[in-house]
Amino acid sequence: MRKILIVGAGQAGLQLALSLQVEGYDVTVMSARTPDELRDGWPTSTQVMFEPALNTERAYDLNLWEDEAPRIRDVGISVSPEPGVRALKFDGPWQPYAMSVDQRLKMSTWLELFEDRGGRIIYHPVMTSDLAGLAPMYDLTLIAAGKGEIVELFDRDPVRSKYVTPGRALSAIYLHGMVEPDDFPAGSMRINVAPGVGELFVISNLTMSGPSRVAFVEAIPDGPFDCFWDRPKPEEHLRRLRHVMQEHMPWEADLLRDAEPTDARASLSGSLTGTIRKPYAEIAEGTYVLGMGDVVVLNDPVAGQGSNSAAHCAGIYTKAIVDRGDQPFDPEWMQATFETFWEDRAQHSTGMTDALLNPLPEHVQQVLGAASQHQQVADRFCRLFPHPEDLGPFLGNPEAALAYVAKVAEADAATGA
Ligand SMILES: Cc1cc2nc3c(=O)[nH]c(=O)nc-3n(C[C@H](O)[C@H](O)[C@H](O)COP(=O)(O)OP(=O)(O)OC[C@H]3O[C@@H](n4cnc5c(N)ncnc54)[C@H](O)[C@@H]3O)c2cc1C
């Protein structure tokens with residue numbers, strides 16, 4: 001039985017561990033945190049996952065919250081070019097639905113499931129210096145440590161990486177008691193965009209204490225939304241959120257009226273710099289480790305792609321490992337395995353992130369305007385989140401995008417829609 005070591009117990013590492021366990025591999029996971037520490041800790045992200053990524057979990061019966069987690073069937077998008085003014089809005093479906101399960105709940109449960117199924121977990125934060133001793137004991141070692149220090153093992157890919165500083169300041173709070181708006185389908189995720197200021201995402205979510213909402217802010221650095229940098233406690237975080245939304249997005253401030261944090265550690269703030277890394281590293285002469293998830297493809301979460309991408313990475317790596325049979329996991333195989341992930345998914349997630357992180361080109365602004373008039377355009381724009389591979393065909397060529405919009409408008413005019 002081939003022996004696999006996975007360092008890091010997040011979406012990428014744990015999904016791979018649980019999948020390989022089912023495939024009959026001898027898997028060891030090294031986790032910096034125990035299930036109790038995860039459950040009692042601070043959140044580190046939000047985690048909307050779309051149908052294609054959820055299907056990679058379903059393939060190994062890992063969708064444990066299917067009946068409990070709110071089903072996010074639609075997304076409502078608003079654009080506010082001036083504070084307090086909603087210039088346009090539209091919504092479209094996410095078919096059949098997306099889902100968000102607090103990673104504190106999900107990863108603690110998955111760790112316990114892995115152990116219950118006979119998997120071995122070593123609770124220990126791995127140091128780079130530990131790896132040279134550990135890796136030779138396994139057929140393959142994967143590093144799935146997210147944004148931990150250990151990722152520095154992997155060189156930045158200067159061709160695929162575009163950023164040297166964070167594009168946004170990130171903050172989020174998990175809430176009970178947030179009121180539903182009446183102008184979008186019930187349970188919709190809401191994306192409020194204030195060009196030049198930032199974005200507010202409101203996400204239906206399942207946390208330890210049940211269904212909840214997450215209010216997640218992407219702030220342009222040093223702008224008015226960038227007011228959580230000192231990591232305030234949840235109560236203070238919520239006070240500032242209400243205050244800033246009162247001026248910029250009062251329709252959302254109204255919905256926050258009766259909200260309260262879900263728990264004493266319900267908030268987060270921080271930032272990250274989008275970075276693509278080389279997929280493998282040589283940690284001792286002739287000993288290589290393979291990176292996965294955020295370690296190798298780290299994108300700002302503005303397009304909600306990271307957990308999705310990590311799940312696809314786990315799915316693609318599982319297949320590549322199984323298909324490899326008894327052959328060695330050498331650097332050529334590692335490079336080829338990563339390239340499959342990059343081609344199939346990561347390049348599209350990265351492209352979608354770039355598109356939303358940077359000022360929207362004129363033709364995309366026109367498409368958004370058309371989306372507020374024509375449901376077919378709205379549907380196709382909303383579908384980009386689960387299917388970022390349509391970004392190029394849809395919006396990559398300004399002339400083609402505007403021709404498509406004109407054709408839809410003509411057809412709508414003909415039918416009186
Ligand atoms: C504010 C925010 C909002 C987000 N919202 C979304 C969203 O809505 N949708 C979406 O798809 N993505 C979202 N993301 C991105 C998503 O959270 C990540 O892309 C995803 O969690 C990456 O999974 P991962 O397994 O690669 O890394 P991680 O989830 O970071 O997991 C890595 C694990 O490794 C552990 N670890 C680190 N160092 C070591 C070590 N030395 N030894 C052992 N263990 C170690 C960590 O403790 C952690 O448990 C968001 C991110 C942020 C910051």
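This section describes the domains, the ligand surroundings, two helix pairs and two local backbone features of a predicted model.

The domain assignment divides the protein chain into three parts. Domain 1 is made up of residues 3–63, 102–163 and 274–356. Domain 2 comprises residues 72–100 and 167–270, and domain 3 covers residues 360–415. Between domain 1 and domain 3, the C-alpha centres are separated by 34 Å. Contact between these two domains involves 11 residues of domain 1 and 6 residues of domain 3. On the side of domain 1 that touches domain 3, the elements contributing two or more residues are helix H3 (51–58) and helix H9 (331–357). H9 supplies the largest share of that side, with 5 residues. Sorted by class, the side of domain 1 that touches domain 3 contains 5 nonpolar, 5 polar and 1 charged residues.

The ligand is surrounded by 36 residues, of which Gly10, Gly146, Gly148, Gly293 and Gly306 come nearest. Two or more residues of this shell are given by each of H1, strand S2 (26–31), strand S3 (48–49), strand S8 (169–176) and helix H8 (306–324). The greatest contribution to the shell is that of H8, which provides 4 residues. In terms of class, 17 residues of the shell are nonpolar, 16 are polar and 3 are charged. Because domain 1 and domain 2 both give residues to the shell, the ligand lies between these two domains.

Helix packing was examined for two pairs. Two packed helices are described by the angle between their axes and the distance between the axes. In the first pair, helix H1 (residues 11–22) and helix H4 (residues 103–116) have axes that come within 10 Å and cross at roughly 25°. An angle under 35 degrees counts as roughly parallel, and H1 is therefore roughly parallel to H4. The crossing of H1 past H4 is left-handed. On the H1 side, the contact is formed by Leu14, Ala17, Leu18 and Gln21; H4 contributes Met107, Trp110, Leu111, Leu113 and Phe114. The contact of H1 with H4 has 8 nonpolar residues and 1 polar residue, with no charged residues.

The second pair consists of helix H10 (residues 362–371) and helix H13 (residues 398–415), whose axes lie 10 Å apart and pack at an angle of about 15°. H10 and H13 are therefore roughly parallel to each other, and their crossing is left-handed. From H10, the residues in the contact are His363, Gln366, Val367 and Ala370. Those from H13 are Pro398, Ala401, Leu402, Val405 and Ala409. By class, 7 residues in the contact of H10 with H13 are nonpolar and 2 are polar, and no charged residues take part.

Two local features of the backbone were also noted. The peptide bond from Gln95 to Pro96 is cis, with an omega near -10°. Pro96 is located in strand S5 (residues 88–100). At Asp61, phi is near 55°, which is a positive value in a residue other than glycine. Asp61 is placed in the loop between H3 and strand S4 (72–79).

Notes: Residues are numbered from 1 along each chain as its sequence is written. This is a predicted model: local features need pLDDT of at least 70, side-chain atom pairs count only at pLDDT 80 or more; totals for chains, interfaces and linings use all residues. Axes are lines fitted to C-alpha atoms, for helices over the stretch in contact, and angles run from 0 to 180 degrees between N-to-C directions. Angles under 35 degrees count as roughly parallel, over 145 as roughly antiparallel, 65 to 115 as roughly perpendicular and the rest as oblique. A crossing is left-handed if the near helix is turned anticlockwise from the far one by less than a right angle, and right-handed if clockwise. Two residues are in contact if their C-beta atoms, placed from the backbone, lie within 7 Å. Ala, Val, Leu, Ile, Met, Phe, Trp, Tyr, Cys and Pro count as nonpolar, Asp, Glu, Lys and Arg as charged, and the others, Gly among them, as polar. A residue is near a molecule or strand if its C-beta atom, placed from the backbone, lies within 6 Å of it. Domain bounds come from an automatic or database domain assignment.
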